[in-house]
Amino acid sequence: MNALYALFAVVVLVLLAFLGVSAAGLQVVFGVIVPYAAVSVFLIGIVYRVLKWATIPVPFRITTVCGQQKSLPWIKSSPLESPPNGLWTAARMALEVLAFRSLFRNTSISLASDDKAPGGKRIVYSANFFLWLGAIAFHYCFLVILLRHFRFFTEPVVFFVPLVQVLDGFFQVGAPVVYMTGLIILGALGYLLFRRFANPQVRYISLAADYFPLFLLLGIVISGILMRYFLKVDVVKAKELTMGLIGFHPVVPDGIGSLFYIHLFLVSALVVYFPFSKLMHMGGVFLSPTRNLSNDSRARRHVNPWNYPVHVHTYEEWEEEYRDKIEAAGIPLDKG
Amino acid sequence: MYDGGKIVAGLVLFLALVTSPIWYNVVTGKAEYKPEPKIVTQEKECVAPKAWMTAMHMTLLNDWRDSVVREGNREYVAANGKAYNMSLQNTCMQCHPNKAEFCDRCHNYASVKPYCWDCHVEPKEKK
């Protein structure tokens, strides 16, 4: 049901753009106003949320580590798992951000038959690399595709675009050349969606907010592939439109094709949705306390930032106050 | 704010990356450039209607190549009934001999570098 809601939402977005452009002639709305508004919401939303996170104190080190902390010199420590200082923490963060190391540790639970175990079954945990593989394939393809799109946002085209294009179109199949990232990202998104349907536990915890980004991204990828290889749009005119946006002198050339506006509208939807959704993990990964804090709470004293001076009444003061009464009762005193 | 220095630095970097195309085009000052491919032939029509050619010529060339190289069929009958020899050098470049001012103008703008000219001979042009 959740998946259907999400799919329905994406279909509505597609129809909105299609009818808006082809029936109502709202090219200016979908080609200029919506993209500008979307990017503004994106930037302001992200900055707002990150600054809001920044106001939350982290009073102590949250050390969910799975390695030996640095202690005595003859005990072997595992600095990457339990980083003793900022440098090792940066290394742990780099692996997290660039290689998705936490996902790599994904395990799957299954029941294996075992005659000796009660009930004849036993729980086994095994490594499951597919989630990691799907995620990393998706993210890196997305990056390459984003870099390739700089051909629409720079004039003369920046130096890295042709490099990326040559590598991506390495096999020189067809004309226009088939880019492998387009195929891989489709496979990766397909797997990530399939995983939510196929695995009962994952399906049970999947919300519409989990399906929506997947369907939206699939919509963007599919409309992009259709535009490039099958239904075609006028690429030169599309670039005139995007360059108009970038240079703040918006133009809406005639005859680009409504598929382009569908693509652009889905991207605008993604960008607007971004700051309000789980997609904020892009910024959040840098602020995850279990990853970005070094495990040095035994080596350094960390003072709770909201500590205020507490009025204490020590034993010495108390003894002084009741000295005569204690003496009278014959109880021994610390300070004779 | 806690760790404000690092977080603000990260945000500034993020904003700089997202808006980088704007600054890039301010520096180059070419945001309003439009490629105007120049037609030099006396002919009135391309092998297909113009709008279709603009969007589909790569697909057409791909079909021509397959037709010639795989099926040995070199004749293309256009929608207007005219027959053409399916050839990149001898047909397209006959009417469009000004590669630099025609094909390349669009291609540079859209960052496409057809590798066809690794093998096929470019028309000789006065540079």
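1. In chain A, helix 2 and helix 10 cross with right-handed geometry (the near helix is turned clockwise from the far one by less than a right angle; anticlockwise would be left-handed). Helix 2 spans residues 27-54 and helix 10 residues 235-246; helices are DSSP runs of H or I, at least four residues, numbered from the N terminus. The contact (heavy atoms within 4.5 Å) joins Gly31(A), Val32(A), Pro35(A) and Tyr36(A) of helix 2 to Leu241(A), Gly244(A) and Leu245(A) of helix 10. Five of these residues are nonpolar, two polar and none charged.

2. This is a predicted model: local features need pLDDT of at least 70, side-chain atom pairs count only at pLDDT 80 or more, and totals for chains, interfaces and linings use all residues. Residues are numbered from 1 along each chain as its sequence is written, chains are lettered from A in the order in which they are written, and side-chain values use heavy atoms, without hydrogens and water.

3. Helix 7 (residues 180-198) and helix 9 (residues 208-230) of chain A pack at about 155 degrees, axes 10 Å apart. They are therefore roughly antiparallel (angles over 145 degrees). Their crossing is left-handed. Among the helix 7 residues in this contact are Leu189(A) and Arg196(A); Asp210(A) is one of those in helix 9. The contact residues divide into 14 nonpolar, one polar and two charged.

4. Chain B brings 35 residues to its contact with chain A, which brings 41. About 3300 Å² is buried between them, 71% of it from carbon and sulfur atoms (accessible area, 1.4 Å probe, lost on being put together, summed over both parts). Tyr2(B), Tyr109(B) and Tyr115(B) supply 19% of the area that chain B buries against chain A, more than any other three residues.

Notes
Axes fitted to C-alpha atoms, helices over the stretch in contact; angles between N-to-C directions. Helix = DSSP H or I, 4+ residues; strand = E, 2+ residues; numbered from the N terminus. Nonpolar A, V, L, I, M, F, W, Y, C, P; charged D, E, K, R; others polar. Buried area = accessible area lost by both parts, 1.4 Å probe. Parallel < 35°, antiparallel > 145°, perpendicular 65-115°, else oblique.
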